[in-house]
Amino acid sequence: MATAPYASSLFLASSPISTAPRIRAGPCPPSAQPSLRLRPRPSPAAAAAVQAEHQPALTAAPKPPALPFRVGHGFDLHRLEPDLPLIIGGINIPHDRGCEAHSDGDVLLHCVVDAILGALGLPDIGQIFPDSDPRWKGADSSVFMREAVSFSSF
Ligand SMILES: [Zn+2]
């Protein structure tokens with residue numbers, strides 16, 4: 001059995017991204033942390049007082065700064081089959097097997113494209129360039145790379 005080629009990459013883009021949490025929360029003092037010890041339940045009035053005491057800390061949390069870059073991660077894997085070209089990083093590598101794929105099956109470019117799409121917060125390569133679309137049948141994966149880069153604001 002042949003080992004399937006795979007590739008993984010990280011992509012950094014120099015575009016600011018907000019690190020503001022979607023749900024704002026502030027630190028709670030240790031007394032507000034849940035405990036496994038049994039203790040009597042506070043009355044609704046006491047619970048409301050505790051909630052009110054901590055509410056200003058939740059809304060007063062400073063907004064974190066925006067990062068000057070974005071990070072994406074890509075991973076790709078294809079089965080090796082006989083009599084197919086083995087193309088990795090745009091280079092046709094002489095081999096008795098190649099990657100089975102709708103496109104040229106270039107695992108290196110596919111994972112870099114996925115990393116770019118991930119850094120941009122877009123769906124993965126399979127959703128942007130689906131194998132159900134005849135435009136991508138046998139496509140050179142550099143096409144996906146150019147398209148992915150064009151989605152960014154470089
Ligand atoms: Zn692929």
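## Confidence along the predicted chain

Among the elements of the chain in this predicted model, strand β4 (residues 86–88) has the highest mean pLDDT, 98, and helix α1 (residues 44–59) the lowest, 65, where pLDDT is the predictor's confidence in each residue on a scale from 0 to 100, and where helices (H or I, at least four residues) and strands (E, at least two) are DSSP runs numbered from the N terminus. The chain as a whole averages a pLDDT of 80, with 68% of the residues scoring at least 70.

Over residues 16–35 pLDDT stays under 50, and for this stretch the model has 22 contacts beyond four places in sequence, a contact being two residues whose C-beta atoms, placed from the backbone, lie within 7 Å. Where pLDDT is low, the predicted coordinates should not be read in detail.

Residues are numbered from 1 along each chain as its sequence is written. Because the model is predicted, local features need pLDDT of at least 70 and side-chain atom pairs count only at pLDDT 80 or more, while totals for chains, interfaces and linings use all residues.

## Architecture

The chain holds 4 helices and 6 strands, which follow one another along the sequence as β-α-β-β-β-β-β-α-α-α. Of the contacts between residues at least 6 apart in sequence, 69% join residues at least 24 apart.

## Burial and core

Of the 154 residues, 21% are buried, meaning that 20 or more other C-beta atoms, placed from the backbone, lie within 10 Å of the residue's own. The largest nonpolar core, a set of buried Ala, Val, Leu, Ile, Met, Phe, Trp, Tyr and Cys residues joined through C-beta atoms within 7 Å, has 18 residues, of which Val-112, Val-113, Ile-116 and Phe-144 touch the most other members. Two or more residues of this core come from each of β4, α2 (107–119) and α4 (142–151), and α2 gives the most, with 10 residues.

Note on methods: Buried ≥ 20, exposed ≤ 12 C-beta atoms within 10 Å, placed from the backbone.
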